[in-house]
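Thanks, everyone, for making the time. I would like to walk through one chain with you, beginning with its overall build and then turning to its aromatic rings.

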Amino acid sequence: FPPAVGPPFGGISGLAPLGDGVWIAACDEREGSRVYRLAISGEGAGLRVTPIDVVGLEVGGRAPAKLDPEGIAVTPGGTMIIASEGVGDEPRLPPALVEYESNGRFVRLIPLRDRFIPNATGPLTYGARDNAALESVTMVPGGRRLFTALETAIIQDGEPAAIGRGTVARILEYVRDDDTYAPAREFAYRVEPIEPAPFEAAVTISGLVELLALDGDALLALERTYLADKPG
């Protein structure tokens with residue numbers, strides 16, 4: 001989008017409302033990081049999604065050199081906060097919460113505690129796992145707090161969920177601090193063991209992939225489990 005001359009439309013991993021039936025959507029491609037503005041109208045079988053605009057996200061310089069956008073939230077001031085899983089290729093790029101203006105221009109990195117930053121090279125011994133880091137970000141109504149979450153356990157917390165074995169992910173709270181957000185409380189989120197499959201599973205993934213703040217005290221959480229009989 002735009003048709004024929006723009007990047008392929010799709011890969012939508014997060015949505016946030018802008019008002020009047022218009023939404024902002026994060027595309028989770030690592031190349032050409034971007035968001036879309038969408039108009040959503042109608043109901044039921046008549047529901048219609050119309051792309052309005054595509055906004056490229058600034059990378060490099062003060063911004064991360066590359067993103068893996070997963071979640072998106074809009075601040076009361078109209079800026080966007082993108083949850084990026086980071087990139088596991090060495091040297092690793094850590095997961096990040098990145099604030100952008102509505103035109104995609106980089107504003108700032110929101111601090112992430114050191115315990116979540118993986119070692120840059122060599123065997124992974126610390127921090128978030130590749131492709132299993134920050135999958136979500138949600139803003140509490142009024143914008144005083146936001147939440148994000150790790151999809152699965154960081155290295156220090158143990159192994160990811162598997163058949164017959166659960167794990168612990170972390171939900172991270174941030175509070176408004178002047179013109180940015182500061183890390184606050186952390187909450188343990190229990191991921192249950194994966195149920196056995198009717199085949200020999202070579203790939204098993206289970207974790208916390210989305211959050212939605214319903215009010216100041218309640219979150220709606222979406223979990224995802226995936227099994228495959230061969231890698232890829």
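When I speak of helices and strands, I mean DSSP runs, numbered from the N terminus, with H or I over at least four residues for a helix and E over at least two for a strand. Please keep in mind that this is a predicted model, in which local features need pLDDT of at least 70 and side-chain atom pairs count only at pLDDT 80 or more, while totals for chains, interfaces and linings use all residues. Residues are numbered from 1 along each chain as its sequence is written, and side-chain values use heavy atoms, with hydrogens and water left out.

From the N terminus on, the order reads β-β-β-β-β-β-β-β-β-β-β-β-β-β, that is, 14 strands and 0 helices. The radius of gyration, taken over C-alpha atoms with a globule rule of 2.2 Å times the number of residues to the power 0.38, is 18 Å, close to the 17 Å that the rule gives for 232 residues, so the chain is as compact as a globular protein of that length. The C-alpha trace spans about 45 × 45 × 35 Å along its principal axes.

Now to the rings, where Phe, Tyr and Trp (its six-membered ring) pair if their centres lie within 6.5 Å, with planes under 30 degrees apart called stacked, over 60 edge-to-face and the rest tilted. The structure holds 2 aromatic pairs. Phe 9 and Tyr 36 are edge-to-face, 4.6 Å centre to centre with 65 degrees between the planes, and they link distant parts of the chain, Phe 9 lying in the segment before strand E1 (12-19) and Tyr 36 in strand E3 (residues 34-41), 27 residues apart. Tyr 100 and Phe 106 are also edge-to-face, at 6.2 Å and 80 degrees.
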